Amino acid sequence: MPMLFNGNPTFCGSEDPSINNLSSSVASSNTILWFETATGGTVLDNTTALINGKSYYAGTEVDGKCQSSMRIEIIPMIYELEPATLEFSTLALCGLDNPTVQNLRDAENNSSYDVLWYDTPANGIPLEEDVLLIAGTTYYAESFNPDTGCMNPERMAITINLTNCEPEEYGFFIPDGFSPNGDGRNDTYFIPNIEIIFPEFTLEILNRYGTSLFKGDQNNPAWNGNNGNSTAPNGVYFYIIEYNKEGHNPVQGRLYLNR
């Protein structure tokens, strides 16, 4: 008869425990066989899925012939955990607030389990609460029970929008000039925070004759005061800004270049 180590082993349902997982509960110098009955019955395959609260019986076999008449009962406990759920699949925030993983809690439903957040759909390491959210990154919620240590690996995804910023609340303004003289201050013409509030914006600079000198966007937001390979002279220039965001019309205005 096998030696008993643990008569009530515990497992997480997400691990799909099988008869093979019961091997650490008993020990013997002979081959261990598993059954569903205390006597008789057929040997269970090692891949047979375990059932919570069901009795399994371990016996031994010598040289593939002689089976023991005495068996040890093992009753496993399997903890099930439902997958995480979220109240919505998108979350609008403003990148200027430097939102962190803590802000993702706003999307969680009230539940009996904890939620771990990841930036990968599978595997990876749970994110700390103070990790800054990154625009364009999808985040994933996974349920976790700290009492049992069990997780449900089915993750729910949420898309983050970090452009939910009201311009007036963040002091958004369009500068009326700059001085590209190489002193390290105000050397380029750019619009502070426009790439966060209006990430699809375009900016065009024209001279007084209507000739386009510069076309910018998020990847190239600042004009250095040049006209191609030459230096644009001091004077008045004009800008056209397309915000490309619902509720915000294009604007035009003038700026002064003073070297």
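**Figure 1. The salt bridge between Asp183 and Arg185 in the predicted model.** Asp183 is partly exposed, with a relative accessible area of 39%. Its partner Arg185 has a relative accessibility of 62% and counts as exposed. In these legends, buried stands for under 20% relative accessible area, exposed for over 50%, and partly exposed for what lies in between (1.4 Å probe, protein chains only). The areas were calculated by the Shrake-Rupley method with a 1.4 Å probe, and for residues only the protein chains shown count as cover. The closest N and O atoms of the Asp183 and Arg185 pair are 3.9 Å apart. A salt bridge here requires a side-chain nitrogen of Lys or Arg within 4 Å of a carboxyl oxygen of Asp or Glu. Elsewhere, Arg105, Glu108 and Glu129 are joined into one network by salt bridges that share partners.

The model is predicted, so local features need pLDDT of at least 70 and side-chain atom pairs count only at pLDDT 80 or more, while totals for chains, interfaces and linings use all residues. Residues are numbered from 1 along each chain as its sequence is written, and side-chain values use heavy atoms, with hydrogens and water left out.

**Figure 2. The salt bridge between Arg105 and Glu108.** The two side chains meet at 2.5 Å, taken from N to O. Side chains of opposite charge can pair when their charged atoms come close. Glu108 counts as buried because its relative accessibility is 16%. Arg105, at 26%, counts as partly exposed. A search of the whole structure gives 5 salt bridges.

**Figure 3. Arg155 and Glu142, a salt bridge between two strands.** The closest N and O atoms of Arg155 and Glu142 are 2.8 Å apart. Arg155 belongs to strand 12 and Glu142 to strand 11 (residues 138–145), so that the pair links distant parts of the chain, 13 residues apart. Strands (E, at least two residues) and helices (H or I, at least four) are DSSP runs, numbered from the N terminus. Both ends of the bridge are buried: Arg155 has a relative accessibility of 14%, and Glu142 has a relative accessible area of 3%.

**Figure 4. A patch of negative charge on the surface.** The residues gathered here are Asp97, Glu166, Glu168 and Glu169. Patches are built from residues with over 30% relative accessible area and no salt bridge; like charges are joined within 9 Å, and nonpolar side chains (Val, Leu, Ile, Met, Phe, Trp, Tyr) within 5 Å. Asp and Glu count as negative and Lys and Arg as positive, whereas His and the chain ends are not counted. Each charge is placed at NZ of Lys, CZ of Arg, CG of Asp or CD of Glu. Glu168 sits in the loop between strand 12 (150–161) and strand 13 (177–178). With 64% relative accessibility, Glu168 counts as exposed.

**Figure 5. Asn98 and Asn186, two residues with positive phi.** Asn98 has a phi of about 50° although it is not a glycine. Asn98 lies in the loop that runs between strand 9 (90–92) and strand 10 (114–118), and it is exposed, with a relative accessible area of 52%. For Asn186, phi is near 55°, again a positive value in a residue other than glycine. Asn186 is located in the loop between strand 13 and helix 1 (194–197). Its relative accessibility of 44% makes Asn186 partly exposed.

**Figure 6. Ala58, Ile19 and Pro221, with C-alpha separations.** Ala58 is part of strand 5 (residues 56–62) and is buried, with a relative accessible area of 0%. The C-alpha atoms of Ala58 and Thr138 are 47 Å apart, with the two residues 80 apart along the chain. Ile19 is in the loop between strand 2 (10–12) and strand 3 (26–27), and at 1% relative accessibility Ile19 counts as buried. From Ile19 to Met151, 132 residues apart along the chain, the C-alpha separation is 21 Å. Pro221 occupies the loop between strand 15 (212–216) and strand 16 (226–227), where at 31% relative accessibility Pro221 counts as partly exposed. The C-alpha atoms of Pro221 and Leu203, 18 residues apart along the chain, are separated by 7.5 Å.
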